[in-house]
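Here is a short report to read beside the model. Keep the 3D view open and follow the residues as they come up.

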Amino acid sequence: MTRRRGQAALFAVALLSLAVLAYLYAVSAARVSIVYHGEAEWMVLLATARHSLATNTSLDTLMARLKPVAAEQGVWLPPVQWIVYRSTNGSGWAYTALFYNTSLGWEAYFAASARYTLLGTEYDGLGGLWLVYNLSYVHLYKLPQLAYPVAIYPEPLNTSCSRVYRAGEGEWLVKLRPPCVVRDKWGIAVLGVP
Amino acid sequence: MRSVEAALIALIVAFTVAAALRYQPPPSPCLQCRRDASIVAAWLTMWSANQSDLERLAAEANATLSPSPGDYTAPIVVWDNGTPLFYTVGWRP
């Protein structure tokens, strides 16, 4: 009698265990899988354009490097074409990389611009000449998912030949001793004096 | 009950409890959660200049670069001397 009870208990426990395991499996397998491609993938393209500006490497070259690595990593990239606009004059520069797919109506861009004005000169105690500039510097990141571009104001970095002081949002007072190039943290040459 | 039956019952119970404790539910099909994870990844890509930058910013955003099975994930790229380095960020609502 005791033996039968033991067998029955073993059978019941095994059955219960199977039920629990089957439930866990069913809960895992029944979930609907949703794949979302969006802001992150588009920003990969805009970061590539930013690196193109920073390193003065053509965007075509960097996109050709990006695509196989993305495919290898299983990262989907939006099917787009791109075009780059650059302009420079005595008071600043502007860069825009536009990514677009006309048939799908997608558009995104990375834009960066710097405007500067020479305010004057200063001499340090050692007789070195310093040029004092007022600088406005901005990045714009426009994704298809957003109605407006996101503006950020990266800080130009101090170097041995420059001193940067914040004068407002995206506004800087820059003192530099030529020859000098002031860059941001991505390596973009914001202001250069030969 | 014989000792062999008792041992088998204990073994089955232990195995089942261990399986239930180790079980991690897959991410729910929450579209907004996936979008939020994608926005976090985009923000990290936008602000990161290198890997240490990325690690610091990911910690600030309560995200991880070593996602767990239950995390919502999205890709990040950091360019390093002409080489694209991809990371996967994991984020939970």
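A:S17 sits in helix α1 of chain A, which covers residues 2–30. Helices are DSSP runs of H or I with at least four residues, strands are runs of E with at least two, and both are numbered from the N terminus. A:S17 is buried, at 8% relative accessible area. Buried means under 20% relative accessible area, exposed means over 50%, and partly exposed lies in between, using a 1.4 Å probe and protein chains only. Leaving aside neighbours within four places in sequence, A:S17 is in contact with B:I12 and B:T16. Contact means heavy atoms within 4.5 Å.

The model is predicted: local features need pLDDT of at least 70, side-chain atom pairs count only at pLDDT 80 or more, and totals for chains, interfaces and linings use all residues. Residues are numbered from 1 along each chain as its sequence is written, chains are lettered from A and ligands numbered from 1 in the order in which they are written, and side-chain values use heavy atoms, with hydrogens and water left out.

**Helix packing between the chains**

At what angle do helix α2 of chain A and helix α2 of chain B pack? The angle is about 10°, and the axes are 8 Å apart. Here α2(A) spans residues 39–55 and α2(B) spans residues 31–47. Axes are lines fitted to C-alpha atoms, for helices over the stretch in contact, and angles run from 0 to 180 degrees between N-to-C directions. The two helices are therefore roughly parallel to each other. Angles under 35 degrees count as roughly parallel, over 145 as roughly antiparallel, 65 to 115 as roughly perpendicular and the rest as oblique.

On the α2(A) side, the contact is made by A:E39, A:A40, A:E41, A:M43, A:A47 and A:R50. On the α2(B) side, B:R35, B:S38, B:I39, B:A41, B:A42, B:T45 and B:M46 take part. By class, this contact has 7 nonpolar, 2 polar and 4 charged residues. Ala, Val, Leu, Ile, Met, Phe, Trp, Tyr, Cys and Pro count as nonpolar, Asp, Glu, Lys and Arg as charged, and the others, Gly among them, as polar.

**Nonpolar cores**

The largest nonpolar core has 51 residues. A nonpolar core is a set of buried Ala, Val, Leu, Ile, Met, Phe, Trp, Tyr and Cys residues joined through side-chain atoms within 4.5 Å. A:L66, A:W93, A:F99, A:V174 and A:L176 touch the most other members. The largest share of this core, 9 residues, comes from α2(A). Residues up to four places away in sequence aside, A:L66 touches residues of chain A and chain B, among them A:V44, A:L77, B:W79 and B:F86. A second, separate core of 17 residues includes A:A40, B:A41, B:L44 and B:Y72.

**Strands around β7(A)**

Strand β7(A), residues 171–176, pairs with two strands listed here. Two strands pair if DSSP finds at least two bridges between them.

| Strand paired with β7(A) | Residues | Sense | Bridges | Example pair |
|---|---|---|---|---|
| β4(A) | 129–142 | antiparallel | 6 bridges | A:N134 and A:L173 |
| β6(A) | 162–168 | antiparallel | 6 bridges | A:R163 and A:K175 |

The hairpin of β6(A) and β7(A) has 2 residues between the strands, and A:G170 takes a positive phi near 75° there.

A:W172 lies in β7(A). Is A:W172 buried or exposed? A:W172 is buried, with a relative accessible area of 4%. A:W172 and A:S136 are 36 residues apart in sequence, yet 6.4 Å apart in space, C-alpha to C-alpha. Neighbours within four places in sequence aside, the contacts of A:W172 include A:Y133, A:Y153, A:P156 and A:V164.

A:I152 is in strand β5(A), residues 150–152. A:I152 is also buried, at 4% relative accessible area. Residues up to four places away in sequence aside, A:I152 touches A:V138, A:H139, A:Y141, A:W186, B:M46 and B:W47.

**Backbone details**

A cis peptide bond joins A:P178 and A:P179, with omega about -5°. A:P179 is in the loop between β7 and β8 of chain A.

A:N56 is not a glycine, but has a positive phi of about 55°. A:N56 lies in the loop between α2 and α3 of chain A and is exposed, at 61% relative accessibility. B:N62 also has a positive phi, near 55°, in a residue other than glycine. B:N62 is in the loop between α3 and β1 of chain B and is exposed, with a relative accessible area of 65%.
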